[in-house]
Amino acid sequence: SPVIGVLALQGDVREHALALAEADAVARPVRRPEELAEIDALVIPGGESTTMSKLALIFGLMDPLRARVAAGMPVYGSCAGMIMLADKILDGRDDQQSVGGIDMTVRRNAFGRQNESFEQDVDFRGLDGGPVHGIFIRAPWVESVGEGVEVLADLGDQRIVAVRQRNLLATSFHPELSGDSRVHRYFVDMVRDAG
Ligand code: GLN
């Protein structure tokens with residue numbers, strides 16, 4: 001089974017580890033650059049992207065993360081993790097950095113006050129078994145994507161909520177909170193194909 005790290009600086013690390021185990025991967029927390037060197041792939045969890053960005057810089061992980069992404073390591077980011085994978089962030093904090101890698105512009109907290117948190121079924125292209133139950137918590141959306149980015153799900157009106165570019169996968173919502181491991185399985189399959 002592939003060994004998949006979960007970036008454990010902040011956020012819902014445990015829920016991702018459980019979903020990965022259910023999808024037949026071995027999950028490991030990653031906090032230090034040395035731990036990053038020992039994994040086949042990585043999940044960046046949901047949480048707060050400004051805090052995650054700050055901690056990644058403090059822990060000396062930002063550049064090693066960028067290097068591994070550039071070298072083709074598969075990464076899946078949910079919610080704050082999606083923001084961390086975006087080449088461009090709108091409504092981020094001034095000093096907020098991302099790892100980047102997906103040629104997309106993501107708007108932070110995009111759904112606004114009325115709709116800060118909601119649940120909605122999402123048609124996820126390429127997943128069998130019907131729609132995914134999307135849990136959105138102060139979620140971002142993807143406002144635009146470059147040519148190499150495949151849109152896997154949207155809510156209409158160009159509110160893109162799942163994308164893939166080569167070995168990188170991102171969702172606005174939190175499948176790790178839904179008890180449905182199909183998105184994690186999709187990612188584990190990506191990891192197997194990449195290896
Ligand atoms: N609003 C958070 C951020 O900006 C993301 C929320 C989440 O991950 N549930 O990072």
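Q: Which residues does V75 touch, not counting residues up to four places away in sequence?
A: Keep in mind that this is a predicted model. V75 is among the residues with the most contacts inside the largest nonpolar core. Leaving out residues up to four places away in sequence, its contacts are A41, L42, I44, V69, L85, G101 and L168.

Q: How many residues does the largest nonpolar core have, and which element gives the largest share?
A: The core has 63 residues, and I4, L42, V75, L85 and V163 have the most contacts inside it. Six residues make up the largest share, and they come from α6.

Q: Why do the buried residues of α3 lie on the same side of the helix?
A: The buried residues here are S49, M52, S53 and A56. An α-helix has 3.6 residues a turn, so residues three or four places apart point the same way. In α3 the buried ones lie on the same side because they cover an arc of only 100° around the axis.

Q: What covers the buried residues of α3?
A: The helix runs over residues 49-58, with S49, M52, S53 and A56 buried. The cover over them includes two helices, α4 (62-70) and α5 (80-84).

Q: Which residue with a positive phi follows α3?
A: Look just past the helix, which spans residues 49-58. The phi there is near 70°, and the residue is G60.

Q: What is the largest C-alpha distance among the residues annotated "active site"?
A: The unreviewed UniProt entry puts that annotation on C79, H174 and E176. They are spread over 98 residues of sequence but cluster in space, with a largest C-alpha distance of 10.8 Å.

Q: Is C79 buried or exposed?
A: C79 sits in the loop between β4 (75-78) and α5. Beyond four places in sequence, it touches G46, I137, A139, P140, S172, F173 and H174. The cut-off for burial is 20 or more other C-beta atoms within 10 Å. C79 has 28 C-beta neighbours inside 10 Å, so it counts as buried.

Q: Which residues is E176 in contact with, leaving aside neighbours within four places in sequence?
A: E176 lies in the loop between β12 (168-171) and α6 (182-194). It is buried, with 30 other C-beta atoms within 10 Å. Its contacts outside that sequence window are D12, E15, H16, A19 and S78.

Q: How do the residues of the shell around the ligand divide into nonpolar, polar and charged?
A: The shell consists of G46, G47, E48, S49, C79, A80, I83, R108, N109, I137 and R138. C79 also carries the "active site" annotation from UniProt, and S49 is one of the buried residues of α3. By class, the shell divides into four nonpolar, four polar and three charged.

Note on methods
Residues are numbered from 1 along each chain as its sequence is written. This is a predicted model: local features need pLDDT of at least 70, side-chain atom pairs count only at pLDDT 80 or more; totals for chains, interfaces and linings use all residues. A residue is near a molecule or strand if its C-beta atom, placed from the backbone, lies within 6 Å of it. Ala, Val, Leu, Ile, Met, Phe, Trp, Tyr, Cys and Pro count as nonpolar, Asp, Glu, Lys and Arg as charged, and the others, Gly among them, as polar. A residue is buried if 20 or more other C-beta atoms lie within 10 Å of its own, exposed if 12 or fewer, and partly exposed in between; C-beta atoms are placed from the backbone. Helices (H or I, at least four residues) and strands (E, at least two) are DSSP runs, numbered from the N terminus. The arc is that of the directions from the helix axis to the C-beta atoms. Two residues are in contact if their C-beta atoms, placed from the backbone, lie within 7 Å. UniProt positions are given in the numbering used here, feature names are shortened, and annotations may be inferred rather than shown by experiment. A nonpolar core is a set of buried Ala, Val, Leu, Ile, Met, Phe, Trp, Tyr and Cys residues joined through C-beta atoms within 7 Å.
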